[in-house]
Amino acid sequence: MLSRFSSRLIDNIPAHINAKWRLKSLRKQLHEGYHLSEFDHHYLRYRTAGRGQFHLVFAADPPVTLECYDSLIRELSPRYRISVLELPGFGYSFPKHNFDFAFDHCVDDLANVLMHWRSGPYVLAFPCASAFFSLALAQRYPALVSHIAMMQAPDWQQEQHWKQRLDPKSLLRTPGIGQLLMKATQQKVARDWLGYASNTPAFTEQARPHITNQLHKGGCYCLASALQSSLPQKSPELGGITQPAMMIYGDQDRSHRKTNFNTIRLYSDDIRVQAIPGAGHFPELEYPQQFSRLIDQLLVNSGVHSTAIS
């Protein structure tokens with residue numbers, strides 16, 4: 001309850017007020033393929049590209065922005081339809097005052113987005129903690145999801161260990177304190193995280209100015225609220241996944257050095273676990289060619305075809 005109050009007071013309400021004037025300016029500056037939509041509990045910034053039988057939906061891994069996906073989109077868009085979204089509470093996907101960071105609410109809000117697009121079933125490609133959203137969507141809304149391609153995702157318990165390693169003093173996980181700390185230090189947190197988690201200098205240098213610019217212009221980085229409410233200690237029900245699934249990880253991710261990624265198979269024995277040697281926390285962005293080949297393997301070899309839903 002306290003974390004929800006802190007989120008709304010420190011993150012949601014200021015972001016909702018900020019959105020009123022920021023979105024007007026952003027809409028005037030939208031480049032081709034970029035979109036801004038309004039939903040009941042949040043705004044959503046996303047980009048689209050490509051055509052094909054399968055529709056891949058990527059969630060940007062905060063603080064990474066949509067602009068950082070150019071190389072990956074060039075690899076995949078000739079044969080797939082691509083959407084990349086900034087999760088509510090991050091980037092320019094501003095939360096409204098009534099947005100709830102709780103896991104189940106986030107899953108329902110994302111399902112609402114996918115249903116609104118009316119172009120499923122989708123191949124969900126969500127990274128790290130947001131990968132659990134994709135598992136829940138596949139379980140609770142199976143008609144929306146044909147395949148799952150997760151990145152840097154172990155089981156819930158291993159992810160809890162990862163969260164504790166990143167926040168050893170529990171500052172970000174403390175309601176109120178965490179939100180205020182992020183407000184005061186978000187540029188430094190974003191800069192330090194990118195340098196620590198990426199293992200590819202070229203990607204780091206390419207991503208840094210986009211991230212810095214977005215935060216400077218009022219973009220969201222509600223990391224504390226997400227850690228407190230979207231990734232609580234108690235795991236949600238996530239078993240019974242029947243869709244073809246793959247988990248792709250960079251084997252040089254310093255933040256996950258002690259993580260056993262094979263534990264993701266807790267949710268299905270059929271989940272394929274594939275490493276991209278040399279990649280850090282962002283394998284899809286650091287090594288887009290290798291990542292795209294793995295996506296091809298998942299979609300071509302699964303024998304499952306995409307059938308439009310109404």
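Trainee: Why is Arg208 called partly exposed?

Mentor: Its relative accessibility is 26%. Buried means under 20% relative accessible area, exposed over 50%, and partly exposed in between (1.4 Å probe, protein chains only). Arg208 therefore counts as partly exposed. One caution on what these values rest on: this is a predicted model, in which local features need pLDDT of at least 70, side-chain atom pairs count only at pLDDT 80 or more, and totals for chains, interfaces and linings use all residues. Residues are numbered from 1 along each chain as its sequence is written, and side-chain values use heavy atoms, with hydrogens and water left out.

Trainee: What makes Arg208 and Glu205 a salt bridge?

Mentor: The closest N and O atoms of the pair are 2.7 Å apart. The rule asks for a side-chain nitrogen of Lys or Arg within 4 Å of a carboxyl oxygen of Asp or Glu, so Arg208 and Glu205 qualify. Both residues lie in helix H7 (residues 201-216), 3 residues apart, about one turn of the helix. Helices (H or I, at least four residues) and strands (E, at least two) are DSSP runs, numbered from the N terminus.

Trainee: How many salt bridges does the rule give?

Mentor: The count comes to 10. Among the residues involved, Arg45, Glu67 and Glu86 are linked in a network.

Trainee: How do you know that Lys96 and Glu38 link distant parts of the chain?

Mentor: Lys96 forms a salt bridge with Glu38, the closest N and O atoms being 2.7 Å apart. Lys96 sits in the loop between strand S5 (90-91) and H3, whereas Glu38 is in strand S1 (residues 34-38), and the two are 58 residues apart.

Trainee: Are Lys96 and Glu38 buried or exposed, or in between?

Mentor: Lys96 is at 9% relative accessibility, which means that it counts as buried. Glu38 is at 49%, so it counts as partly exposed.

Trainee: Which parts does the salt bridge of Asp104 and Arg140 tie together?

Mentor: The two side chains meet at 2.9 Å, N to O. Asp104 lies in helix H3 and Arg140 in helix H4 (residues 131-140), so the bridge joins parts that are 36 residues apart in sequence. Asp104, with a relative accessible area of 40%, is partly exposed. Arg140 is partly exposed too, at 32%.

Trainee: What makes Asp109 a buried residue?

Mentor: Its relative accessible area is 9%, and the limit for buried is under 20%, so the label follows. Asp109 lies in helix H3 (residues 103-117). Apart from neighbours within four places in sequence, Asp109 is in contact (heavy atoms within 4.5 Å) with His41, His42 and Phe99.

Trainee: Why is the arrangement of H6 and H8 called oblique?

Mentor: The axes of helix H6 (residues 177-197) and helix H8 (residues 223-230) come within 8 Å and cross at roughly 130°. Axes are lines fitted to C-alpha atoms, for helices over the stretch in contact, and angles run from 0 to 180 degrees between N-to-C directions. Angles under 35 degrees count as roughly parallel, over 145 as roughly antiparallel, 65 to 115 as roughly perpendicular, and the rest as oblique. The crossing falls in the last class, so H6 is oblique to H8.

Trainee: Which residues make that contact?

Mentor: H6 supplies Gly178, Gln179, Met182 and Val189, and H8 supplies Leu223, Ala224, Ser225 and Gln228. They divide into 4 nonpolar, 4 polar and no charged. Here Ala, Val, Leu, Ile, Met, Phe, Trp, Tyr, Cys and Pro count as nonpolar, Asp, Glu, Lys and Arg as charged, and the others, Gly among them, as polar.

Trainee: Which residues have the most contacts inside the largest nonpolar core?

Mentor: Leu56, Phe58 and Tyr69, in a core of 101 residues. H3 gives the largest share of this core, 8 residues. A nonpolar core is a set of buried Ala, Val, Leu, Ile, Met, Phe, Trp, Tyr and Cys residues joined through side-chain atoms within 4.5 Å. Leaving aside neighbours within four places in sequence, the contacts of Phe58 include Tyr69, Leu72, Met151 and Phe291.

Trainee: What is the phi of Gln152, and what residue type is it not?

Mentor: Gln152 has a positive phi of about 55° although it is not a glycine. Gln152 lies in the loop between strand S7 (145-151) and helix H5 (156-166). At 0% relative accessibility, Gln152 counts as buried.
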